[in-house]
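Work through the exercises below with the coordinates open. Each task is followed by a solution in steps.

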Amino acid sequence: MHTVKRYSRLYRVLITQFFKGIMQSKVDFLMGLLGFFLTQFLGIAFLYLVFQQIPELSGWTFKQLVFIYGFAQIPRGLDHLFTDNIWMVAWRLVVSGDFDRYMLRPMNVFFQVIAEKLQPDALGELLVGSILIVMSLRDGIMIVDGFHIAMFVISILAGAVIYTAIKLFFASIAFWVKVSGPFLSTAYELSNFAKYPTEIYAKGIRFVITWIIPFAFVAYLPAGFFLKESVSVSVIGIECILAVVFMAISYVTFYIGIGRYESAGN
Amino acid sequence: MIEVKNISKSFISPKKYPGLKGTIKGLFSNEKVEKVAVNDISFSIGEGEIVGYIGSNGAGKSTTIKMMTGIMVPTSGSCLVNGVDPCKKRNENAKNIGVVFGQRTQLWWDLPLSESFTILKEIYDVSDEAYEERMEFLNKVLELNEFFDKPVRTLSLGQRMRADLGAALLHNPKVLYLDEPTIGLDLVVKENIREAIKEINEKYKTTVILTTHDIGDIEELCRRIIIIDKGTKIYDGTLEHLKEIYGTKRSISVEVRQYDKVKDIAFDELLQVEKDAYETEYDGEKSVFTISFDKRKIKVPQILSILMERVDVKDVRIEETQLEEIVKQIYLEQKEQAVEELEAAANE
């Protein structure tokens, strides 16, 4: 309990410093904000154009597709918001030796990595996701009861953990190869497949994104549970198990990697 | 305080071949190259000692420090810092140590320095009272007030170094590791930093381990030095002892009016020593005559009186061997030894 309290206090302190840091340059901050809204606006416009072309896909109606798309954005956004600094491990921190500083402080190393940054860009994904889900609620295509709402929250959290686990695993490879950014980018790109029903892909791809890098489980597969009575709740169960298993594998890999960390010469 | 036993570290990297062809070949080969950075080093350091850890570039200094701080895991051997194995209990060890890497700051770059101290206070769980007390002391020895509210990125190198040193000491660590703490600083700032290190060591009995290329740091701070070369320890002892063994050369330079008179002095006869017991040199442009000799065979006053009696001396300078030269000499001996060993091995 003491540890939880200490870490939540440290998290607050570190994130506050991060915000003070980005506020130091007000111009940068405002430009960033402007760019962010522009990106999101264009994203939504693009989405509208895409869905105008496809009224129906693999047995899913247009409105259901919108829900799946929106539902996919939320775990992605959550992970993006809180753990974006994992990318730096993959691209820079290990090869440059800047990872040293995490090793010198009396705090959990993984905690230090994620507590260094919040990614405000993620608010875009969360915003778009929320808007699309509100639209789905208004259209009445979702099953809404206490159980489904609870599952909705659990599914989103488990999905975010799966994202984090995949990022952490590929970032950890940096301890062996120094820069693992390209591996991480490739793996992360696969998540784009998860925004649409996986039936539209070739078998091989479908297998990979379901069981190897299980992005299908962060969006498309659980989304069905909220749309169709026929879909069993076990899909959420499998999602949670995958989240735990993948996070455990990634975390262990990360720690084995730290043991191999070689720093860098001055 | 610190026990290092038979510690070694080797890095394994894929073998590289030259040229474009080589690069492609390298992609498909599985050959590995092992580079031993630290080879079977042992030493122990007591509480309150200031130890200079020196060696040429790539000798393995930083690697040893990184193993002692818990950044790297040794390939073999063990290390205990204040009874804690830094690799097994990284967190616990981190509370006991302070680290300053001369070329890399630990501070929050974009924020005012004061913010870094606020964060560190939280990270190391420093109580308000302890914080006040430490800050008062740090302000006294490092004069942090001058730039306490300025963003770290706007600090000069000297200021940043003082700030980093202060930050490493906020939690009153038992051991302080300094990796090149005076690199790139001007003389005055260097002097300040050294003074601060001395005061900290005296007041809090902080054990200090210092790597440096600056011989001045060593001479002013360290009673004991450890020298390593190519990953192996080649000297461990006091500075005085080192100077006694290697620093026996003295040289006297005199500025004279008439060289002819100096040239004809037969030092060997006057002092009753062999001709090769000393060396002479003359710089015609500055009219400086230099004689160097072994202080065990010839005494400085003897030379001086001979010179004073015979020539008109305008200026005198007496020099003892600089530590820098001693270190160079040790390296050279090591190298010669290695060459001899190789030759011996080849002859067999």
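A residue counts as buried if 20 or more other C-beta atoms lie within 10 Å of its own, as exposed if 12 or fewer do, and as partly exposed in between. The model used here is predicted.

**Exercise 1. Describe the overall build of chain B.**

Step 1. Apply the burial criterion: 32% of the 348 residues of chain B are buried.

Step 2. Assign secondary structure. Chain B has 13 helices and 13 strands.

Step 3. Take the extents. The C-alpha trace of chain B covers about 75 × 60 × 40 Å along its principal axes.

Step 4. Set the radius of gyration against the globule rule. Chain B has 26 Å, whereas a compact globule of 348 residues would have a value near 20 Å.

Step 5. Sort the contacts by sequence separation. Among contacts in chain B with a separation of 6 or more, 73% join residues 24 or more positions apart.

**Exercise 2. Classify B:S42 as buried, exposed or partly exposed, and place it in the chain.**

Step 1. Locate the residue: B:S42 belongs to strand 2 (residues 32–45) of chain B.

Step 2. Count neighbours. B:S42 is partly exposed because 14 other C-beta atoms lie within 10 Å.

Step 3. List contacts, leaving aside neighbours within four places in sequence. For B:S42 these are B:V4, B:K5 and B:N6.

Step 4. Compute the distance to B:M1. The two residues are 41 residues apart along the chain, and their C-alpha atoms are separated by 14 Å.

**Exercise 3. Characterise the side of chain B that touches chain A.**

Step 1. Count the residues on both sides: 24 residues of chain B are in contact with 21 residues of chain A.

Step 2. Find the contributing helices. Helix 2 (61–69), helix 3 (90–96) and helix 4 (113–123) of chain B each supply at least two residues to this side.

Step 3. Divide the chain B residues by type. The result is 12 nonpolar, 6 polar and 6 charged.

**Exercise 4. Find the nonpolar cores and examine one well-connected member.**

Step 1. Take the largest core, which has 130 residues; those touching the most other members are A:I68, A:I162, A:A194, B:V51, B:Y177 and B:L210.

Step 2. Identify the main contributor. Helix 8 (residues 146–172) of chain A gives the most to this core, with 13 residues.

Step 3. Look for a further core. A second, separate one of 8 residues includes B:V254, B:V262, B:F289 and B:F293.

Step 4. Return to A:A194. Leaving aside neighbours within four places in sequence, A:A194 is in contact with A:A72, A:I209, A:F215, A:A216, A:V218, A:A219 and A:Y220.

Methods: Residues are numbered from 1 along each chain as its sequence is written. Chains are lettered from A and ligands numbered from 1 in the order in which they are written. This is a predicted model: local features need pLDDT of at least 70, side-chain atom pairs count only at pLDDT 80 or more; totals for chains, interfaces and linings use all residues. Two residues are in contact if their C-beta atoms, placed from the backbone, lie within 7 Å. Helices (H or I, at least four residues) and strands (E, at least two) are DSSP runs, numbered from the N terminus. Ala, Val, Leu, Ile, Met, Phe, Trp, Tyr, Cys and Pro count as nonpolar, Asp, Glu, Lys and Arg as charged, and the others, Gly among them, as polar. A nonpolar core is a set of buried Ala, Val, Leu, Ile, Met, Phe, Trp, Tyr and Cys residues joined through C-beta atoms within 7 Å. The radius of gyration is taken over C-alpha atoms; the globule rule is 2.2 Å times the number of residues to the power 0.38.
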